[in-house]
Amino acid sequence: MNLILLGAPGAGKGTQARLLVEKRKMQQLSTGDMLREARSSGTEMGQRVAAVMDRGELVTDEIVIGLIAEKLDSGSEGGFIFDGFPRTLAQADALADLLAAKGQAIDAVIEMRVEDEVLVDRVSGRFTCGNCGEVWHDKTRPTKVEGVCDACGSTDLRRRPDDNAESLRQRLMEYYKKTSPLLGYYHAKGSLHVVNGLAPVSDVETAISGVLEAAG
Ligand code: AP5
């Protein structure tokens with residue numbers, strides 16, 4: 001089962017991808033996480049993409065397609081969850097070609113629909129554990145003890161440099177200009193499903209499970 005999670009910044013893609021990994025043994029492929037890893041490792045590519053990410057713009061297709069191609073080579077028994085990829089029509093075509101070369105295809109695409117006003121709150125309150133990657137929120141998902149990750153006990157809790165109002169405005173613009181055309185692209189292929197991303201995390205999870213059962 002290969003699944004794409006589509007949605008604006010803060011729609012809850014990462015949160016749901018982590019739940020799917022836990023319950024279905026699927027592998028999460030987040031280009032955002034891969035790019036953040038590259039920037040923190042200080043590679044030349046990492047340095048090049050850091051400023052682009054902080055401005056809220058999209059990194060080039062060539063770089064992200066290269067990152068995904070590398071990961072697909074390792075395969076995944078439970079299938080892949082594409083989180084934040086593809087984000088352009090060129091990326092969508094490249095993904096279809098990469099999967100076809102392995103005799104695979106995308107089984108379902110889920111749009112997580114959330115209103116823009118909610119996204120500002122979601123993104124500005126988000127923090128992530130630097131050790132285990134668990135995603136938290138100041139109001140909707142706080143840790144039990146302030147400054148300590150409930151999942152692994154780490155105190156390395158981080159906020160992203162692009163989680164500010166100005167970057168978010170640009171990220172939303174990029175989403176509507178370059179990524180939202182993918183909704184029509186996948187609708188035409190018959191693989192698009194819409195879930196209400198405004199619902200509580202567990203309800204969104206149930207809705208996604210329903211789509212996967214039907215597609216599997
Ligand atoms: P990326 O890391 O992919 O960021 P994004 O798409 O902007 O998405 P986010 O990670 O911000 O949000 P999310 O939907 O995962 O929400 P989350 O689950 O964390 O990309 C970052 C940058 O990298 C891009 O701007 C670009 O520069 C570059 N990039 C990445 N991929 C690229 C590509 N393919 N091409 C080109 N450039 C690329 O949830 C958010 C918060 O809400 C959390 O605090 C969470 O606890 C809370 N929450 C989640 N669900 C719910 C719910 N149902 N109810 C209440 N709260 C909730």
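# Exercises on loops, a sheet and a ligand shell

Pro86 lies in the loop that runs between β3 (80-83) and α5 (89-100). Helices (H or I, at least four residues) and strands (E, at least two) are DSSP runs, numbered from the N terminus. The model is predicted: local features need pLDDT of at least 70, side-chain atom pairs count only at pLDDT 80 or more, and totals for chains, interfaces and linings use all residues. Residues are numbered from 1 along each chain as its sequence is written, and side-chain values use heavy atoms, with hydrogens and water left out.

**Exercise A: backbone angles**

Task: Find the peptide bond before Pro86 and state its form, then find Lys25 and state the sign of its phi.

Solution.
- Step one: the bond from Phe85 to Pro86 is cis, and its omega is near 0°.
- Step two: Lys25 sits in the loop between α1 and β2 (27-30).
- Step three: phi of Lys25 is positive, about 55°, although Lys25 is not a glycine.
- Step four: set these against the general rule. Most residues other than glycine have a negative phi, and most peptide bonds are trans.

**Exercise B: an open sheet**

Task: Work out the strand order of the three-stranded open sheet and explain why β6 and β7 each have one side without a neighbour.

Solution.
- Step one: the order is β6-β5-β7, with antiparallel pairing. Two strands pair if DSSP finds at least two bridges between them.
- Step two: β6 and β7 (157-158) are the edge strands; each has a single partner strand, so one side of each has no neighbour in the sheet.
- Step three: β5 (residues 126-129) pairs with β7 over two bridges, in the antiparallel sense.
- Step four: to locate a bridge, take Cys129; its partner in β7 is Leu157.

**Exercise C: the ligand shell**

Task: Describe which residues come nearest to the ligand and which polar atoms face it, starting from Gly12.

Solution.
- Step one: there are 34 residues around the ligand, and Thr15, Glu57, Arg87, Arg126 and Arg171 come nearest. A residue counts as near if one of its heavy atoms lies within 4 Å.
- Step two: a backbone N or O atom of Gly12 is 3.0 Å from a ligand oxygen atom. In the side chain of Lys13, an N or O atom is 2.9 Å from an oxygen atom of the ligand. Thr31 has a polar side-chain atom 2.8 Å from a ligand nitrogen atom.
- Step three: on its own, the ligand has 1,000 Å² of accessible area (Shrake-Rupley method, 1.4 Å probe), and the protein covers 95% of that area.
- Step four: α1, α2 (31-40) and β6 (135-137) each supply at least two residues of the shell; α2 gives the most, four residues.
- Step five: sorted by class, the shell has 14 nonpolar, 11 polar and nine charged residues. Ala, Val, Leu, Ile, Met, Phe, Trp, Tyr, Cys and Pro count as nonpolar, Asp, Glu, Lys and Arg as charged, and the others, Gly among them, as polar.

Terms used
Polar contact = N/O pair within 3.5 Å; in protein donor to acceptor, adjacent residues only side chain to side chain.
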